[in-house]
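Me: Could we walk through this model together? I'd like to know what sits behind each label.
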Amino acid sequence: MEPASGEVEYEPRSVKEVLAEMKDTAELLIDLSFSAVFHGSDDIASEVLALEGKMDVLELQARMSLLMAARSPEDAEELAPVLGVVGAAEKISDAAGDIAKVVLEDIGLPQTMRAALPEAIETLVRASVTETSSLAGQTLGTLNLETETGVRVIAIHRGGDWILNPDKDTDLRVDDRLLLRGPDEGIASVYEQATGEEYEPPEPPEADDTDLERAVDSIVLMKNMSELAVDLAYGSVLFDSEEVAEEVVELEAEVDALQSRFEAWVLQAASHADDPVSLRGLVHLANSTEVISDAAVEISEGMLHGLGTHPVVEYAVQESDEVIVRVTIERGSGFDGTTLGEKRVETETGMRIIAVRRPPDDWVISPGPKTDIHAGDVLLAKGTRSGAERLEELVGMDRSV
């Protein structure tokens, strides 16, 4: 627990429980930090810094618990990869905080950045529940917001506590700060129900500089690949798979290559920009994104060095709020020769396809409804356990590693 002085005391929580919470927190931090940038939202950026403070406490609690558990050199060897997972989650948290500060401290981002918004990320806003709100006192299951409006409550900041991935039994209370994600029309409706105020979406400007457009496109792709690397890193732990861990390394190398190209385009754009200093935030953003991909490799490090997965890490990933599955499309499957949109995967299962790997080594990152699927393709999906089971039924085969 965290006393009023701000000091952190040892708390007898299981390492498994703390690691699961760190995983969910790290993933939410990545999501929120980039949303703050693409939406130019000080509100969301402020929530990132508040959530980063929670991660600091979790990290210290995890390290204290691990120190209590290590009683011999053999224990230390087994727990070393666990410390790597803890440290990686903390690096992700710090990187997300640095991304948020680009917004809060107005370090400098070109308007072209927000022009990438429609392709980069869904609308995400913060809404505080007022005393007169029709949402107060009701559960998410009763409100059925996602079905009615397409809007998901992805987290709730309640006083000094966080509710990550709230479910149908989660109640909404006065002064809750809701993080809402969904289409603009649905966001407008739920925002007004929560706050009593009209939602005014920002108007993204048009991009007008070719070099800058390329730099921003690189940032968006780096973001997508870094998020995928983190998902795959936790997947390598879950499946005890060196193969998946090696895919994380390949993605990290691609992020490094993208960063090199990004730097060249930013320098070219700066040579004819009216205010080159306005591009400084892009450099901060690229550096922080690269740190996230590096942290993904650290999560997989135990697998990469032949140390295997410590059971406590595997259990933590299994017990986190979202799971990752890997499904191969066999010849004759109902998916062979169709598209993700035709199969309505997310609608039918609630699972989000985060990537498609095509043999031998091609990747489709953040695939969309028009992404075609063929025999031999590997779908990497993220969602709930029940959603994973529905996906397996839809595909017509068992999970594979």
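Me: What makes strand 2 and strand 3 (residues 161–164) a pair?
Reply: Two strands pair if DSSP finds at least two bridges between them, and here four bridges join strand 2 to strand 3, running antiparallel, so the label fits. Strands are DSSP E runs of at least two residues, numbered from the N terminus, as helices are (H or I, at least four). I156 stands opposite I163 in strand 3. The hairpin of these strands has two residues between them, and G159 takes a positive phi near 60° there.

This is a predicted model: local features need pLDDT of at least 70, side-chain atom pairs count only at pLDDT 80 or more, and totals for chains, interfaces and linings use all residues. Numbering runs from 1 along each chain as its sequence is written, and side-chain values use heavy atoms, with hydrogens and water left out.

Me: Which strand pairs with strand 2 over five bridges?
Reply: Strand 4 (residues 177–182), again in the antiparallel sense; L178 there is the bridge partner of I156.

Me: Why is strand 2 largely enclosed by the rest of the structure?
Reply: Because six of its seven residues (152–158) are buried, meaning under 20% relative accessible area (exposed is over 50%, partly exposed in between; 1.4 Å probe, protein chains only).

Me: Why is the aromatic pair of Y191 and Y199 called tilted?
Reply: Ring centres of Phe, Tyr and Trp (its six-membered ring) must lie within 6.5 Å; planes under 30 degrees apart are stacked, over 60 edge-to-face, the rest tilted. Y191 and Y199 have 5.5 Å centre to centre and 55° between the planes, so "tilted" is right. Both Y191 and Y199 are buried.
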